[in-house]
Every structure is written in structure tokens, then in C-alpha cells.
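Please read the following report alongside the sequence and the coordinates, with attention to how the strands are paired.

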Amino acid sequence: RRRMVGKRPVAILLLLLGLGVALGRTQSFESPTEFVQLRNVSEQQVLLNIYDQLNGPDWLSSDGWNSAEPLCSWFGVYCNAQGRVAGLSLAGNNLRGPLPSELGLLSQLWYLNLGQNFMYGTLATEIVQLGQMILSQNDLCGTLPSSLGSCVKLDRLYLNGNRFSGNIPTELALLQTATRVYLDMNLLDGTIPSQLGRLERLERIYFSNNLLSGTLPSELAMLESLQHLWLSNTAVEGTLPPIYANMPLVTLLIRGTLLSGTLPSEFGKMPLWALDIGATRLSGSLPATLGNCSGLQLIGASDARLSGQIPTQLGRLASLIHFAVDGNSFSGTIPTQFGQCLLLREFNIRRNQIVGPIPTSFARLPHLSIVDISENPLNMAAEDIIYPFTGREKEHICAYSLHDRPPVVCSSIATFLMDGTNM
């Protein structure tokens, strides 16, 4: 159904497009000149061409499309006060085919959401007018074009969950209005451009699950609006710059990176909600200053190289829900102050060097559902382990092994793991 259009008279071409003749609506732009020639095509015709290119008859919802209904009433089409197409929202709608470059003909298009479909091919370079580009969870590939820097109105760029490869273009630093950039779950390599530190309005940037390497640029510390920084499962190495504490981060996820050194005590100044440093090369102790992060809900430090005692100051974290530091070399006892974390649901200290009893203060934790103290030299009797939970409402069976003893019903603890613990 493709036609070569570059050598035909423009007047005849527009007539054929307007009539929607049997030759078909789908266009193949063989050169930038041909794309420019179609700038005056009606928006309705552009949408119909897109419908044909993206397997429209098999869409899950297509009310109004390919009909005489006003295009502003078509499913997923949103118009501005002038009746021009300003938004196109067809996420999860079984769209199949390459990303149409004709989207660039919709000059008033500000919002584009084609995520969770089956689109493939490269990222069209003609789409520069958008404020929000959401193409997550497709099968798009190739390199990220430097022309992304021409999207000067762009507020949100969601390209996660595709197969983009190559380096992150430094031209992304030209997106001065960008607040959210999602590049995670791709095949991007190279280093994180230091120029991204110029994005003064940036609030979220996700790099996780890529092939990125190199060190963290200190220039990112200039992002005074950045709240979410995700780097998990990349080959980023080096140390965490203490200057990063200047950012108002609420989530810092670096699990599975090659970062080493210590966790800077300055990070206790951040308004953190979630901190995941597991499976890294970080060593030293957990900073006691983390107890100042009053909104901290998650501390994940599994399988790192941490040591020392668990800070008692963490007991001040009234919002703490998840605490997992298994697979380290922590020593000392379990701080009784954790009994003040009334929202705590999971407490995991497996495979450390913790000794002593479970604090009786744990009996005050009404939501605690997972406790894993296995593979620690606790050196205590089984009845002492059970003791903190006696006398509470018995709802679940504690799934732990006390040698040949049967499971014990104790409180609302759903999982209580002790295998390998010395008693």
C-alpha cells in the first residue's frame, strides 16, 4: 500500500489525500522534502494515515476512527479550544508498527501517549512540538536522536522499557523545561552526560537497568529540584559524592551498581523516603544521621559490604516500613529502639553477626509481618526468641525451624525465619 510521492505534482497529491481514494492513505516519506510537502494536509487525514499505519482495525478501542464523526470525538483524541489536535492518548491499545513521522504534522500536538503497545523501529526525528512524549514499554530501538534537544517545550520524556542503545545524547541538556526523564530498562551504554546538571527544573531521572558505566558526574548536584534518582542495575562505579546531599532527593536507588566507598553521613540531610544501596560495593557503617530522615520508609542494604553496629538512631524513623540489611557484616545487638517504628512490616538482618535477644519492644509492632534473623550467632534459647510475641493475637503460623520442634503460632507474624541461627 506504499506510494512514492516525491515526484508527483503537489496539487494532485493533496487532492488524492483529501479524497482518501482507494490507493490508500498510508504515506512513505522518502525524504525530508516530501515530509515538508505534506504540511498542509488536514489533521483528520493525518490521523487516518496513522490509523492505517498502526493496524487500526485491530485496536482494542477505536470509537469514531475511520468514520464521519468529528475527529475531536474520536477515541483518544483531544482538541484545544481552536479545534486542533492537542492530545493523542492510545496507551495499551494494541498499536502495531513503526512510530509514524507524520505525528510531526500535528503542529498543536502537545501530549502524546502511545505507551504499552507493540511499536517498533526508531524514534522519529520530526516530532519536536511535544510537551509530553510517552512511549514507554514498546519495542523501539536504535540510538536516541540528538534532535530530542529540539523539543524545547518538552516537560516529560518517557522512553523506558524499549530497546534504545548507544550513548545518552548530550543534547538532552537543552530540554530546559523538562521535569521528568525516564530512560530506564533500555540498552543504553556509555556514561551519564555531565551536561544534564543544567536541567534546573528536573524532578525525576531514571537510568536503571541499562549498560551505563563510568562515574557519577558531580554536576548532577546542581539539580536543586531533583527528587528521584534511579541508577539500579547499571555498571556505574566510583563513589557517591557527598555534594549530592544538596539535592532534595526522596528516592535514591543504586542497587546492583559498582559504587564503592562509604555512604556519606551528609545524606542524613536529605528528605529521603526510600534508600536502596543493596548489592553494591559500599562499605563502612550505616550513617547514624539517617535517623534524621523523618520520612524514610524503606532502607534496603542487602548484600553490600557494610559493617559496624546498626545505629540506634534509626529507631526514630516513625515512618519506617521496610528494613533489610541482610548479607552484610553487622555486629552487636538488635537496637530496642526499633520497637518505636510502629509502621514496620519487614525486619531482615539475615546473614550478619548479630548477637543477643530480639527486643521485647518488638511486641509493640502491630504491622510486623516478616522477621528474618537467620544465619546470625544469636546464642539464645528458642523460648527467648518466641517471648516478645507471646500474649498477642494468634493469627498466623511462624514459619521457622526450631530443629525438630513443630511450628509455633505467635501473634501476627506471618514469616519468622530462624534457620541456621545458633541457639
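Among the contacts that join residues at least 6 apart in sequence, 45% link residues that are at least 24 apart in this chain, which is a predicted model. The chain holds four helices and 28 strands, and 52% of its 423 residues are buried. Its accessible surface amounts to about 18000 Å², with carbon and sulfur atoms accounting for 51% of that area.

One open sheet is built from five strands in the order 3-5-7-9-11, with parallel pairing. Strand 3 (96–98) and strand 11 (187–188) form the edges of this sheet, each of them pairing on one side only. Where strand 3 runs parallel to strand 5 (residues 118–121), the two are joined over three bridges, and R96 is placed opposite F118 of strand 5.

Further along the chain, strand 22 (residues 329–332) has a covered face made by F330 and G332, whereas S329 and S331 make up its uncovered face. Strand 22 pairs in the parallel sense with strand 20 (residues 305–309) and likewise in the parallel sense with strand 24 (residues 353–354). On the side of strand 20, S307 has S329 as its bridge partner, while on the side of strand 24, G332 stands opposite I354.

The parallel pairs described above are listed here with their bridges.

| Strand pair | Sense | Bridges |
|---|---|---|
| Strand 3 and strand 5 | parallel | three bridges |
| Strand 20 and strand 22 | parallel | three bridges |
| Strand 22 and strand 24 | parallel | two bridges |

As a general point, strands of a sheet pair through backbone hydrogen bonds, in either a parallel or an antiparallel manner.

Key. Residues are numbered from 1 along each chain as its sequence is written. This is a predicted model: local features need pLDDT of at least 70, side-chain atom pairs count only at pLDDT 80 or more; totals for chains, interfaces and linings use all residues. Side-chain values use heavy atoms; hydrogens and water are left out. Buried means under 20% relative accessible area, exposed over 50%, partly exposed in between (1.4 Å probe, protein chains only). Contact means heavy atoms within 4.5 Å. Accessible areas come from the Shrake-Rupley method with a 1.4 Å probe; for residues, only the protein chains shown count as cover. Two strands pair if DSSP finds at least two bridges between them.
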